[in-house]
Amino acid sequence: MNQPIQTPAPSTLAAVMEMDGQEVSFTPGETIYEVSQRMGRQVPTLCYDDRLDPFGGCRLCVVEVEGLRNPVASCTTKATPGMKVHTKTPTLERHRKTLLELVVSENPKATIDPLRGSASQELVQLRTRYGVTGERFAGHHSGQSRTDDANPFILRDYDQCISCYRCVRVCAEQEGDYAISVRGRGFETKITTEFDGLLQDSACTFCGQCVQTCPTGALADRKAMRAQADPEPIAATRSVCPYCGVGCSVDLLSKGDKLVGIRPARDGGANLGALCVKGQFAFDFVQHEDRLRTPLVRGDDGTLRPASWDEALDRAAAGFAKALHDHGRHSTYAIASGRAPHESAYAIQKLIRATSGTNYVDNCSRA
Amino acid sequence: MSNPLADMEKPDVIFAIGTNMTECHPVAATRLKKALRRGATMIVADPRRIPLAEIADIYLPLRVGTDVALLLGMAHVIEREGLCDRAFIEARTEDAEAFFEHVRQFTPEWAETICGVPAADIERAALLYGRAERGAIYYTLGITEHICGVDNVQSLCNLALMTGNIGREGTGINPMRGQNNIQGAGDAGGLPNNFPGFLPVTDPDNARRFSELYGREIEPVKGITKVRALELAAEGKLHAMIIAGENTLVSDPDRAHCQHALENLDHLVVIDIFLTETAELADVVLPASAWAETDGVFTNTERRIQRVRAAVPAQGQAKPEWWIVAQIGQRMGAPGFEWHSAQDVFDELCSVSPIYAGVDWEKAGTGKYHWPVPEQGHPGTPRLHEDEFPSPSGKGKFMRVGYRDPAEVVSEQFPVWLTTGRRLQHYHTRTMTGRAGMHFFVPQEVLEVHPDDVARWGLTDGGKCRMVGSRGAVELRVEATDRSPRGTVFCSFSFGDVPVNVLTGAGYDPVTETAELKVCPVRLEPV
């Protein structure tokens with residue numbers, strides 16, 4: 001701004017700008033992009049993840065600021081009092097389309113399976129929104145898939161990579177692992193690990209955060225992709241991870257009756273979108289062939305045999321009733337699970353207290 | 001935890017002791033790393049050079065089981081240097097003077113002779129924590145799984161009370177709970193000393209109330225812990241047991257004793273999702289619906305109450321555990337087991353538990369409530385002890401704790417300390433992770449041995465060794481690594497073919513009866 005700025009009272013300094021002709025207040029430190037999100041503007045971006053430091057790499061989020069000659073990246077420009085911003089002008093849209101043409105020229109796939117990751121549809125959606133085919137700048141291509149990295153969890157399909165660095169940044173800023181990095185420039189840009197090796201030989205912990213933030217599906221959830229060919233629609237059910245006590249919120253992805261994948265919940269109070277290798281990938285046990293599918297009772301020959309629920313429950317109850325009858329109330333005991341939900345522990349402590357009148361119950365926290 | 005997980009990003013000094021957080025609570029560890037990135041300083045105390053130690057500003061490699069000595073040395077320095085928060089001590093604590101008198105005898109030089117950490121490092125750590133504006137303590141089973149687990153925790157409380165690092169944002173005493181719903185199992189009353197909501201069973205009013213609620217007179221007498229129950233079972237004095245979702249035989253110490261105890265029962269019922277080693281001993285095995293198949297509630301380590309939801313149908317005839325237990329109750333003629341849904345059970349829990357009185361099934365579904373939530377309309381309590389402590393006087397009491405050796409110490413016959421724990425990719429006895437592809441990372445158990453010790457005991461890196469203790473022996477592969485200090489080795493208890501619990505189990509904390517799983521003298525022999 002080239003006009004002299006009068007010093008306004010602190011209260012007015014704190015807060016008002018104009019966006020597309022509409023007055024809007026903001027918190028000092030807020031970026032133009034953050035304000036636009038609050039205002040429901042559809043400013044496109046590919047390198048933005050609200051958990052990460054602003055990067056300004058993809059330039060799609062450019063906006064016009066009155067008084068400035070060139071458009072600025074809204075994700076790295078802070079809102080200032082009196083600023084007048086335009087988020088959608090024909091010039092901006094033309095500019096954005098050109099940038100997308102460049103990006104898409106390297107990413108031939110027009111569809112990406114949503115099972116690849118949480119953010120995997122971002123490029124595909126922008127491509128549709130701007131009607132971009134990728135033919136305009138066809139030719140050179142950067143990024144080469146690491147087909148040699150056969151780990152069963154993370155697909156490294158770098159042919160789809162657009163060098164937005166979200167994976168590198170999430171690994172450093174969100175996970176604090178610094179396992180992946182960028183090598184080379186321009187068409188030679190490569191996302192790589194130390195010594196350009198396999199993920200399992202690097203500092204990677206397979207938390208899957210890079211997969212979930214990748215906007216093109218270049219990094220993808222191989223476990224979920226096993227169900228790509230299943231015809232049913234993907235359903236997401238909000239739940240909590242079954243592993244440690246942190247209590248990360250997750251969305252369980254299912255197709256029909258099949259559990260096909262896990263996604264960290266960005267609005268999960270305990271994890272804010274983070275997960276670890278167990279929470280992200282260790283879910284196959286649920287539908288494993290080893291699951292107990294029928295009650296078992298020990299037969300006269302001393303081995304366990306399948307039984308009906310009625311028989312097994314009668315046997316279970318009778319054994320407790322007999323112990324109480326023969327040996328008195330201090331003869332039965334229950335151990336509640338630290339893995340099952342509250343309802344299990346509540347029911348089992350009530351069972352002991354209501355049938356024996358003792359407090360002979362514990363859980364697995366002592367060992 | 002006294003403080004919410006979000007507070008982990010806010011301390012200026014972090015003191016992590018007995019917690020391998022990047023492996024056991026990885027997502028919580030990401031928040032500590034953010035605090036470090038923001039400029040916080042971290043002290044890590046652990047016998048092993050765990051990943052957290054690599055990013056610490058001060059690393060205190062103490063000998064296993066000597067936490068009390070280290071913490072007394074730190075308390076000594078804080079007192080000597082006048083770093084106590086006098087106003088906090090005056091307003092919110094009791095027995096401070098007696099405690100200060102007590103710690104004056106425990107110099108860092110004395111602590112060094114026991115814990116092996118150089119006195120100068122103990123000084124540095126104490127000064128750092130003592131001067132913190134916001135000092136936060138994090139611990140896990142490395143503190144509690146000792147015969148002096150309670151003393152360890154009280155030693156940490158003393159540090160927080162001295163410095164006023166409790167009851168405020170970014171501070172606190174924060175145990176990281178191990179299992180997904182171990183907090184909830186206690187909340188729901190799965191304890192011998194407490195009814196749901198941690199109401200003491202010995203309070204006659206509580207006993208009367210629950211007797212009325214449950215339609216059976218309940219004695220106002222503490223029950224026995226699982227440890228004692230297994231002893232009684234082994235002696236033939238306990239006759240029927242029901243175990244829900246725990247692979248006791250592999251996870252608990254002293255496997256031979258545990259197996260004898262379970263086999264000695266007249267009647268063992270196991271509810272599980274797999275035919276575990278424990279279930280194989282049962283008279284009746286009842287198949288439970290698994291996570292992702294079951295509606296219910298978990299409470300996490302920060303006391304946050306959250307719903308889990310069924311996404312897929314249960315396998316085969318598997319049923320929710322509450323239904324299974326209710327069926328047994330009904331068949332035993334007990335009243336009050338006529339529930340129709342998980343919601344019925346949870347809402348009953350809320351109606352009897354004062355800390356859940358202000359939540360219900362719907363509110364649990366928001367995932368926003370930290371207990372205690374004492375009444376409807378209450379927003380929950382993310383941060384504990386802001387105004388008072390849960391003691392009769394409302395004040396925090398300094399405890400004069402003394403050091404004692406572990407139940408068993410190294411000797412000529414067993415000259416090496418074994419400490420046990422967990423690895424990132426596996427969970428407990430691998431009933432779940434062993435069936436989820438995690439063998440890609442860790443296909444078998446290894447014993448982590450310092451390279452000098454590998455040579456000293458005639459072992460080879462990658463070769464097999466026999467680890468012998470006073471209760472048994474196991475064979476496993478050796479990995480030479482300086483993650484283990486000289487004289488101490490480590491392995492997990494995750495693999496059934498390396499049942500390390502045949503070795504552990506020398507002693508128990510006298511108050512909590514928690515097993516000393518972190519210390520076990522052994523000797524190593526090449527195979």
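**Close-up views of chains A and B**

**View 1. The loop that holds A:Gly328.** In this predicted model, A:Gly328 belongs to the loop connecting helix H9 (309-327) with strand S15 (332-336) of chain A; helices (H or I, at least four residues) and strands (E, at least two) are DSSP runs, numbered from the N terminus. Local features need pLDDT of at least 70, side-chain atom pairs count only at pLDDT 80 or more, and totals for chains, interfaces and linings use all residues. Residues are numbered from 1 along each chain as its sequence is written, while chains are lettered from A and ligands numbered from 1 in the order in which they are written. A:Gly328 is exposed because 12 other C-beta atoms lie within 10 Å (exposed: 12 or fewer within 10 Å, with C-beta atoms placed from the backbone).

**View 2. Strand pairing between chains A and B.** Strand S13 (residues 296-298) of chain A pairs with strand S11 (residues 284-287) of chain B in the antiparallel sense, over two bridges; pairing requires that DSSP find at least two bridges. Opposite A:Leu296 stands B:Val285 in S11(B).

**View 3. Helices H4 and H8 of chain B.** Helix H4 (residues 67-80) and helix H8 (residues 119-131) of chain B pack at an angle of about 60°, and their axes are 8 Å apart (axes are lines fitted to C-alpha atoms over the stretch in contact, and angles run from 0 to 180 degrees between N-to-C directions). H4(B) is therefore oblique to H8(B) (under 35 degrees is roughly parallel, over 145 roughly antiparallel, 65 to 115 roughly perpendicular, and the rest oblique).

Methods: A residue is buried if 20 or more other C-beta atoms lie within 10 Å of its own, exposed if 12 or fewer, and partly exposed in between; C-beta atoms are placed from the backbone.
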